[in-house]
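Reader: I am new to this structure and would like to be walked through it with care. Could we take it one question at a time?

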Amino acid sequence: MLFLAVPQFYLLPEGSTDVAASTVVTILLVPGVLLAARRGSGVELFRLGLFRVLIALLVVRLLALAWSPDPRAGLPLIALLGQFVVTLTLMVQAVRQDDGLLRRIEPWYWPWIVVEALLVLVFRVLPGVEDAFLRSIAGLVSGQNTVAALFTGSPNNVFDEAKSGGVFVNANVAGLFLGVNAVAAFAIATITGSRWTRMVGFVALAAVPVTGSKSATLLAVALPASVLAVRRLTRARRAGSGEPLPSRHGSHRRPVGRRLALGLVGTGVLGVVGAVVLAAELGFLQALAKSFGDRTAIWGFGAEAFLRDPLLGLGYGGWDAGFAAYAREHGIYRSFPPHNVLLAGWAATGLAGLVLIAVFFALTLRLAVRAVNTGGHRHRTFALWATAAVAWTLIHGLGDNTEIFGDIHLIPILSLLVAYLVVGDRKESNPHATPHRRDPETSTIPAVRDVHSEPGLGDAQLPSLVRGPRPGPGPTGN
């Protein structure tokens, strides 16, 4: 699933339905997921409020087909939500069973993030290369019909020389993807201690401003800064309360100077790239205000439609059917999606869909906050970065045409972050750790339950370290 996240591989020809390879794989895995759930492994997950909300949202989306003017338009939304549910279920099970999962995904996923960041940079500097990419192989990785529509009346913002999307046809979604993966890399590197994963995070974060997405550029500065500020505040509070701080001499910690240098280099690269892009963007604040103004015009139609029928919404296809007349009246482009994840949820599935989406984000953020308050040091830091990933998805979704999981490309990594929060604090295996090394806090003397777990007067077989040599002729004894 992670390997198929960036190049989705749309193999069906143009004119048919765009179905990603990751969706096909998910469909093939559904019987196994259902069988595992029947055997009991899914019972605990189903008790989780977050999972119940996703199932309820899936049911509501299915029911909305009944009052939709174009039911076929809802099938992709239903399929993608189902893909998210199945992927989250798989990730929870994988995290529980595989202590080294976060480390083992490194060669399968993070190289794709670097490739996407490099493509964004190349396409921004050389728009002609981007045009050649879109006219040749982009359909294979971005959707045959999606790319064909770019040249037949439905252009997207990657044609703007001030924007770049890599494998994405929308630069704003590309900025969302790179930003969420940047903070996800920081989160996972906290657990694994991998320098490679952390460096990928810096590369992805530095590429966010290059996409030309103004909202993503602001979030690329604000969210990491917020995480670092909360970490510093938490550490200061713990020091003031007398709680012992984590040791800096563990095998997974690098010297303070090297960590500081790495952080300064990453921050410097991001700052330089951001400064160059903002300098090239003449009137950045004016452009940001214009983008917000365009969205308020779009949201105006949603407000009018909500007042007419707040309960059932517009149904699938209803937004497109009603927006054209509103666009002509207000002098804006005739075919704009809602550009707001909550508004889109209401438009497609009514008030129930809007409420369930809001509850989903609330429960996910509460899960992350609980991990911050109750987990160990590394898990707290992981939870902070995971919170930033979820917050980025939500904030960006309030101004763009995205889903509750952002985009199909983000389903695997967001599922992995949420799954790790669900499973809770645990130790990630480290293949580079010194073998047979004991934790200094672990006693070499076994507890009673280790040598005799049942009550009674049974004979406990003590190891020789505890038993020692026994006086007398017999070398053995209890």
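**Salt bridges and surroundings**

Author: We can begin with one pair of charged side chains in this predicted model: D131 and R135 meet in a salt bridge, with 3.0 Å from N to O.

Reader: How far apart are D131 and R135 in terms of helical turns?

Author: Both residues belong to helix α7, which covers residues 127-136. Because D131 and R135 are 4 residues apart in that helix, their separation comes to about one helical turn.

Reader: Is R135 buried or exposed?

Author: A residue counts as exposed when its relative accessible area is over 50%. Its partner D131, with a relative accessible area of 30%, is partly exposed. R135 has 57% relative accessibility, and therefore R135 counts as exposed.

Reader: How many salt bridges does the structure hold?

Author: The pair of D131 and R135 is one of them, and another joins R104 to D98, where the closest N and O atoms are 2.4 Å apart. R104 counts as exposed, at 51% relative accessibility. A further salt bridge links R61 with E403, the closest N and O atoms being 2.8 Å apart. The number of salt bridges in the structure is 3.

Reader: How many residues apart in sequence are the parts that R61 and E403 tie together?

Author: R61 forms its salt bridge with E403. R61 lies in helix α3, whereas E403 is in the loop between α17 (377-397) and α18, so the pair ties together parts whose separation in sequence is 342 residues.

Reader: Are R61 and E403 buried or exposed?

Author: The cut-off to apply is that a buried residue has under 20% relative accessible area. R61 has 5% relative accessibility and therefore meets that condition. E403 has 11% relative accessibility, so E403 likewise counts as buried. For R61 and E403, then, the word is buried.

Reader: What distance separates the end C-alpha atoms of α3?

Author: Helix α3 has 15 residues, and at 1.5 Å a residue the expected span is 21 Å, because the rise is multiplied by one less than the number of residues. The model agrees with this expectation, as the end C-alpha atoms of α3 are separated by 21 Å.

Reader: How many of the residues of α18 are buried?

Author: Helix α18 covers residues 411-423, and its end C-alpha atoms are 18 Å apart, which agrees with the span expected at 1.5 Å a residue. Among its buried residues are I411, P412, Y420 and V422, and just after the helix G424 takes a positive phi of about 100 degrees. Helix α18 is mostly covered, and of its 13 residues the number buried is 12.

Reader: Which helix supplies the largest share of the nonpolar patch?

Author: The nonpolar surface patch is about 860 Å², and the residues that make it include V59, W67, F306, L312 and V355. At least two residues of the patch come from each of α3 (49-63), α14 (284-308) and α16 (341-374). The largest share, 3 residues, is from α16.

Reader: Where is L312 found, and what is its relative accessible area?

Author: L312 is one of the residues that make the nonpolar patch. Its place is the loop between α14 and α15 (318-330). L312 is partly exposed, and its relative accessible area is 35%.

Reader: Which residues does N401 touch, leaving aside residues up to four places away in sequence?

Author: N401 is found in the loop between α17 and α18, and with a relative accessible area of 44% N401 is partly exposed. Its C-alpha atom is separated by 9.9 Å from that of L343, although the two residues are 58 residues apart along the chain. With residues up to four places away in sequence not counted, N401 touches P337, P338 and H339.

Reader: What is the phi of H339?

Author: H339 lies in the loop between α15 and α16 and counts as buried, at 11% relative accessibility. H339 is not a glycine, yet its phi is positive, at about 55 degrees.

Reader: And what is the phi of F9?

Author: F9 is placed in the segment before α1 (21-38), and with a relative accessible area of 25% F9 is partly exposed. Although F9 is not a glycine, its phi is positive, at about 60 degrees.

Key
Residues are numbered from 1 along each chain as its sequence is written. This is a predicted model: local features need pLDDT of at least 70, side-chain atom pairs count only at pLDDT 80 or more; totals for chains, interfaces and linings use all residues. Side-chain values use heavy atoms; hydrogens and water are left out. Patches are made of residues with over 30% relative accessible area and no salt bridge: like charges are joined within 9 Å, nonpolar side chains (Val, Leu, Ile, Met, Phe, Trp, Tyr) within 5 Å. Accessible areas come from the Shrake-Rupley method with a 1.4 Å probe; for residues, only the protein chains shown count as cover. A salt bridge is a side-chain nitrogen of Lys or Arg within 4 Å of a carboxyl oxygen of Asp or Glu. Buried means under 20% relative accessible area, exposed over 50%, partly exposed in between (1.4 Å probe, protein chains only). Contact means heavy atoms within 4.5 Å.
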